[in-house]
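Thank you all for making time for this. Please bring the sequence and the structure up in front of you, and we will go through a few parts of the model together.

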Amino acid sequence: MRTYHCFWLLFWAGQPHQSFLTPLSKRTSGFPETEKVLVLSGNSRRDLHRSKRSWMWNQFFLLEEYTGTDYQYVGKLHSDQDKGDGSLKYILSGDGAGDLFIINENTGDIQATKRLDREEKPVYILRAQAINRRTGRPVEPESEFIIKIHDINDNEPMFTKDVYNASIPEMSDVGTFVVQVTATDADDPTYGNSAKVVYSILQGQPYFSVESETGIIKTALLNMDRENREQYQVVIQAKDMGGQMGGLSGTTTVNITLTDVNDNPPRFPQSTYQFRAPESTPPDSPVGRIKANDADVDENAEIEYSITEGDGYDMFGITTDKDTQEGIITVKKALDFENKNLYILKVEATNTHVDPRFLYLGPFKDSATVRIQVEDVDEPPVFSRPAYIMEVKEDVPINSVIGTVTAQDPDAAKNPVKYSVDRHTDMDRVFNINSGNGSIFTSKPLDRETLLWHNITVIAAEINNPKQSSRVPVFIKVLDVNDNAPEFAMFYETFVCENAKAEQLIQTLSAVDKDDSYSGHQFSFSLAPEAASSSNFTLQDNRDNTAGIFTRKTRYNRHEMSTYFLPVVISDNDYPIQSSTETVTIRVCACDHRGKMLSCNAEALIHPTGLSTGALIAILLCIIILLVTVVLFAALRRQRKKEPLIISKEDIRDNIVSYNDEGGGEEDTQAFDIGTLRNPEAIDDNKLRRDIVPETLFMPRRTATARDNTDVRDFINQRLKENDTDPTAPPYDSLATYAYEGNGSVAESLSSLESVTTDGDQDYDYLSDWGPRFKKLADMYGAMDSDKDS
């Protein structure tokens, strides 16, 4: 309910040069009903003389929020020139003139047409003037006056926020600042108590209080616990008029949240936990989870778990799950049911962020007992070692035992175990194993020089359950024995000059041995007994695993002996002593006076810029094959120039008849004797065809053999006639072959291979008579004869 207290304030002011003031003749109390008159002076702007004027108003006061039905009366304008005959007209201008404020042009009465609000506009400035109605000229100068809106308590206090949100830590002391609320009043603070605001709490006691003048909210209750209640809603009232009765008020809501502090220690919901873990659980695998409850939140509820004592302190570990704050118990080492099947642990849970202010509430940690039962599982056999290393000499007999591996079932049943070799690691089956006792023995000869280490894998499996198996690597080292004789480090082929002097070094020898020697190899060199006395060279052992070959005489003749083969015996000093005989090839060559080789025999020597003997032989064979090819090509070209053997106008393909009858193959030697065609004189009269049965048995005909000088064409014609008239002859299942070369060639064989076996020198001058096609051969063999002569 609003109560309005209205007061009329009247102000009198004199015009310039006014020497006195006369008070109003009539004054009323309460709402003024006295007519307010603004007197306009009657002087003219043209006249400097200012006439005496009576008292007048220069401001009016108007009550805001007028609720009457009629227009609200403001005041009256009056001029000294107004005789009351209606000759003057009053005009009003300025703020709200004609809209908010109207004037009676005859009487000068001013009225407000609308309800005014001081909070919207507290002052209106207007101008008044009286004019002659007939002439329209002003009879008074324009006068300015103001209308002030008088305030009433029509605005309640308004808070700056509809809802306030605040938070404070739980367990705060009494009087702890929470938040400050502020309310404003639109009424005039300079007039009365309309804008004086006082704060009070309507809801939220006894937890909070508010200061009446400042609006500061504070805690009013000690030890407010978030875990009991987290949210509080406080209603604050702001009332004007200094909180007196009749004042207007407004309210706001303050939501207060208690934030968490670490005032609660972790607590296990139970004192003992039971878990089971198979003994096959691998390390770092989880066994179970435990959790201590903490009424706090966020970082105040973070817990760290640890194992403080127990017989499984070194067998198990515990970590914290950061998301769930659970303790995860894991296996640190391999479990063994047969060794220990029960572990008892003491686990402790501790807050990581402890607030010293609340240590008086007790220790912020808790402990519980964890019992872990180990369960038995069927385990594979276990070897006595993680790996085995064995040694064996390379000369041991087959089936010799080189070592033993041992594995047993760790379970209480102690199931028997059988052994085997993983053949993927011993593809050559060099080793084998006794399936019962695990002894490894050789099944093939060993050779250290071929393979020094053998890496195999042995498998141990339970007989009752072969799926339960385990593996172990076995490394076998083959020890060396002296079973290899020393030999030359390289193939030695050297030369000696024909003009060499006696005791001249022509070659230094060195040797190698495939065997191992712990003290180092020591080789001895000597000439073979059969060459020691008759040799033209001597051998000197340098005692440093090298030897030198020296000349024994002064001169050598390559025509008498072009090549010497010197056998050298090399021996080692190991047990048993091994020796070998190696051959050094020494060729006699022509040299200059400085000992530089000029030429040797037909075969080239090995020298730093030459080729090996094998390479030279290969090149020579290629040349011979090329020559033979050229000769054959030339012979074929000559043969093409002769008349063809078969003269027929018809295509030869018309004379071929196919019977699609297969013969006896290669093993059927009686169907047709091809040797008869190749050797006309080797005809067998008693051989008959065995692949067919003729209706009438005819005796084969004997024909005269062709002479050595018979031409090939005559021979083939003769054989063709015989086959046409002989019913026992082909072709039933085979073709008649006429592969007869003829006899009595003038040039005989052209092969150069036979020339090597001839003892004497041959004359190749006849090659020049064969024509230009054999000119290359004539030049080559003619050049060879000239070299020999030189």
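I will speak about a sheet, then about the disulfides, and finally about one residue in a loop.

Before anything else, please keep in mind that what you are looking at is a predicted model.

Let me start with the sheet, in which four strands come together in the order 2-8-7-4, forming an open arrangement with mixed pairing. Strand 2 and strand 4, the latter covering residues 88-94, stand at the edges with a single partner strand each, so one side of each is left without a neighbour in the sheet. From one strand to the next, the twist averages 30 degrees.

If we now follow the pairings, strand 2 is joined to strand 8, residues 143-150, by five bridges, and these two strands run parallel. One place to look is F60, whose bridge partner in strand 8 is I147. On going further, we find that strand 7, residues 123-132, is joined to strand 8 by six bridges, and here the strands run antiparallel. In that pairing, R127 stands opposite E144 of strand 8.

Is strand 2, then, buried or exposed? Five of the five residues of this strand, residues 59-63, are buried, so strand 2 is largely enclosed by the rest of the structure. It helps to recall that in a regular strand the side chains alternate between the two faces of the sheet. In strand 2, Q59, F61 and L63 point one way while F60 and L62 point the other way, and all of them are buried.

Let me turn to the cysteines. How many disulfides does the structure hold? There are two disulfides, and as a reminder, a disulfide is a covalent bond between the sulfur atoms of two cysteines.

One of them is formed by C497 and C591, with their sulfur atoms 2.1 Å apart. C497 lies in strand 35, residues 493-497, and C591 in strand 41, residues 579-591, so this pair ties together parts that are 94 residues apart in sequence. The torsion about the S-S bond of C497 and C591 is about -85 degrees, so this disulfide is left-handed. As for their surroundings, C497 is buried with a relative accessible area of 9%, and C591, at 13% relative accessibility, counts as buried too.

The other disulfide is formed by C589 and C600, whose sulfur atoms are 1.6 Å apart in the model. Here C589 lies in strand 41, whereas C600 lies in the loop between strand 42, residues 597-599, and helix 2, residues 613-640, so the pair ties together parts that are 11 residues apart in sequence. The torsion about the S-S bond of C589 and C600 is about 100 degrees, so this disulfide is right-handed. Both C589 and C600 are buried.

If we number the bonded cysteines of the protein chain in sequence order, the pairing reads 1-3, 2-4. For contrast, please also look at C622, which is exposed, with a relative accessible area of 53%.

My last stop is Q468, which you will find in the loop between strand 32, residues 453-462, and strand 33, residues 469-479. What does the side chain of Q468 reach? At 3.4 Å, the side chain of Q468 reaches the backbone oxygen of D378. Leaving aside neighbours within four places in sequence, Q468 is in contact with D378, E379, P380 and P381, and also with A460, A461 and E462.

That brings me to the end, and I am glad to take questions.

Key:
Residues numbered from 1 in each chain as written. Predicted model: local features only at pLDDT ≥ 70, side-chain atom pairs only at ≥ 80, totals over all residues. Heavy atoms only, no water. Buried < 20%, exposed > 50% of the residue type's maximum accessible area, 1.4 Å probe, protein only. Pairing = 2+ DSSP bridges. Disulfide = S-S within 2.5 Å. Axes fitted to C-alpha atoms, helices over the stretch in contact; angles between N-to-C directions. Polar contact = N/O pair within 3.5 Å; in protein donor to acceptor, adjacent residues only side chain to side chain. Contact = heavy atoms within 4.5 Å.
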